Amino acid sequence: MAEKRSAVGRWSDRLAVEAEPGLTTAQLMLTNHDLKPVEAKRRTWGAWNFVGFWIADSFNINTWMISSSMMVNGLSWWQSWLCVWIGYAISGCFICLTGRIGAAYHIGFPVVSRSSFGIWGSLWPVLNRAAMACIWYGVQAYIGGHCVYLMIRSIWKAWDREKIPNTFSPESGTTTADFVSFFIFWLCSLPAIWFPVHTIRHLFTVKAYFVPSAAIAFMIWAIVRAGDIGPIIRQPSSLKGNDLAWEFVKGIMTSIGNFATLIVNDPDFSRFARKPRDALWSQLFTIPAGFAITSLIGILVSSCSFSIYGEAVWDPLELLEKFLDEGNSAERFGVFVISFAFSLAQLGTNIAANSVSAGADMTALLPRWINIRRGGYICAAVGLAMNPWTLLTDNNKFTTYLSAYSVFLSSIAGVIVFDYYAVRRGYLEVKELYDGRKTGPYYYTWGIHWRAYAAYISGILINVVGFAGAVGTKVPIGATYIYNVNFFAGFLVSGGVYWLLCHYFPVPAVSDKWMEVGDEIEDTRVAYDSDSAIGSGHGIYVDPMVGKPYKLGADDSKIV
């Protein structure tokens, strides 16, 4: 038995990832190289890197089609486009709020959440985000597989789902040709996961030039084939009064809901910023502009498709397939290039929104054995194993449930934002975020912060009845109205409840004035040393990463 335990121990050590020396057993479950604060040499993202990142992320198939549901529900093209502008402008503000924390202290979402949810309590929000990232990775990869299908068929017309023998049942939601195309995309995506986060900015730079150019070429091609910009542009709204107002609000919330995951995990990227301001204006302006332009191109191309085929084709891949069926060799080449651009768009979006996020989250769940790279590959494996085509057999239900998940993420974001800006006023003791001792200021009760969880549950409960109505249950109209603004409701209720609880039941390690000290941190080591705070009594302590003294008052609040 001793030999078996010894063998297990040896394998455990072999599988262990890089971590600084001198860490205790508890700290080995709280940190590794990917979780620790980013040292100066890895802070390589400048303002233009963030511009390229968001331009690249905005050009994807989901954004292309985002206005379709709004227009189907009765909005005119310009009303739906205005919803996109407003929704993503608001999302940009939320992104800057959460991203500021990462840019100032150079820590990712899993570590940021420890200050509000507790050292161990943060694992639940992290697990939620990781699970959603894995689901979305599979779905986005399957859409990328459709791009590969078009690329192959552009070369070999015999690559046809209708002609290739199908080994899947008709009810499965896929065919042999589609599955093979999906697997090729999934397999070709794996090398991109290998590279460290601070170096993959080059992928987004390439995508930021190539994909928008291909999208504009697609739009010109569609306009030339149609002979004009189509009738959808001239179609007025079919709604009036109260119905129009609420549909407009829902359009805005759809845009915000699609961005909920990135709002929460923006610190995973902003922590690599050279300076905090590099992650501010570059994100605030690029996000609404990039997503609005992509949406406008989608509207124009779909309007042209109505002139060509007598019906609006909102899915650009479906439209490319129609072009392919009718096209000559030159048009097939055009379909290949545009499909390749869309596949690159899906790859970049999957890396930015899913694999890196899931990798960072899984790193926090098992930091001794998982780093961002390993977590990204686990995410990819889950995305393959979950058979994502089964989720897309009913697009309406899938969209409803996934958009509802933004309720949970909005409550997490509310707690984190109010904790940093309203309660702590920008002050974090970074080294203590890796402290698993009971005396640490973020340990709270058994490592869990009850105030944060009370606020988090409150933010969810305000939307529960409205969600039941969204899936078909008859509910009071008031609950429906609240759910129409679900992200705001969850964010404000959870944040407000958290602030009130922290006001009446004070927490330690806060400042009475705005005091962001991230730029003063030079030593990014997190191992305990003789200068570390040794308890939450009421003596004088020194933040070992900054060197500034502080005192804990009688209520354990920080007196600077």
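Search the whole structure for enclosed spaces and you find 3 cavities of 30 Å³ or more. Keep in mind as you look around that this is a predicted model.

Let's start with the second largest cavity, which has a volume of about 40 Å³. Its lining is made up of Thr-98, Phe-109, Val-112, Val-264, Pro-267, Ile-412, Ala-413 and Ile-416. Two elements, α7 (109-117) and α18 (395-423), each give two or more residues to that lining. The largest share, 3 residues, comes from α18. Sorted by class, the lining of this cavity has 7 nonpolar residues and 1 polar one, with no charged residues.

While you're here, take a look at α7. This helix is mostly covered, with 9 of its 9 residues buried. The buried residues of α7 are Phe-109, Pro-110, Val-111, Val-112, Ser-113, Arg-114, Ser-115, Ser-116 and Phe-117. Two of those names should ring a bell, since Phe-109 and Val-112 also line the second largest cavity. Step just past the end of α7 and you meet Gly-118, which takes a positive phi of about 100°.

Now for the open spaces. The second largest pocket has a volume of about 360 Å³. Among the 23 residues that line this pocket, those closest to its centre are Asp-34, Pro-196, Val-197, Ile-372 and Arg-373. Three elements give two or more residues to the pocket lining, namely α9 (176-194), α16 (329-365) and α17 (372-385). By class, the lining of the second largest pocket divides into 12 nonpolar, 6 polar and 5 charged residues.

Next, zoom in on a single residue, Asn-60. You'll find Asn-60 in the loop between α3 (47-58) and α4 (61-64). Is Asn-60 buried or exposed? Asn-60 counts as buried because its relative accessible area is 5%, under the 20% cut-off. What does its side chain reach? On one hand, the side chain of Asn-60 comes to 2.5 Å from the backbone oxygen of Asp-57. On the other, the side chain of Asn-60 reaches the backbone nitrogen of Asn-62 at 3.1 Å. Asn-60 has partners from elsewhere in the chain, too: setting aside neighbours within four places in sequence, Asn-60 is in contact with Thr-294, Ala-345, Gln-346 and Thr-349.

If you work with cysteines, here is how things stand. A search of the whole structure turns up 0 disulfides. As for the setting of individual cysteines, Cys-188 counts as exposed because its relative accessibility is 57%, over the 50% cut-off. Cys-304, by contrast, is buried, with a relative accessible area of 0%.

Finally, step back to the chain as a whole. How many helices and strands does the protein chain have? Its secondary structure comes to 21 helices and 3 strands. Of the 560 residues in the chain, 57% are buried. Then there is the matter of how far apart in sequence the contacting residues lie. Taking the contacts in the protein chain with a separation of 6 or more, 82% of them are between residues 24 or more positions apart.

How values were computed: Residues are numbered from 1 along each chain as its sequence is written. This is a predicted model: local features need pLDDT of at least 70, side-chain atom pairs count only at pLDDT 80 or more; totals for chains, interfaces and linings use all residues. Side-chain values use heavy atoms; hydrogens and water are left out. On a 1 Å grid over the protein atoms alone, a cavity is a set of points where a 1.4 Å probe fits but cannot get out, and a pocket is an open set with protein on both sides within 12 Å along at least five of seven lines; lining residues have an atom within 4 Å of a point. Grid points are joined across faces, edges and corners, and a volume is the space filled by probe spheres set on the points. Helices (H or I, at least four residues) and strands (E, at least two) are DSSP runs, numbered from the N terminus. Ala, Val, Leu, Ile, Met, Phe, Trp, Tyr, Cys and Pro count as nonpolar, Asp, Glu, Lys and Arg as charged, and the others, Gly among them, as polar. A disulfide is a pair of cysteine sulfur atoms within 2.5 Å. Buried means under 20% relative accessible area, exposed over 50%, partly exposed in between (1.4 Å probe, protein chains only). A polar contact is a pair of N or O atoms within 3.5 Å; within protein, one must be able to donate a hydrogen and the other to accept it, and residues adjacent in sequence count only if both atoms are side-chain atoms. Contact means heavy atoms within 4.5 Å.
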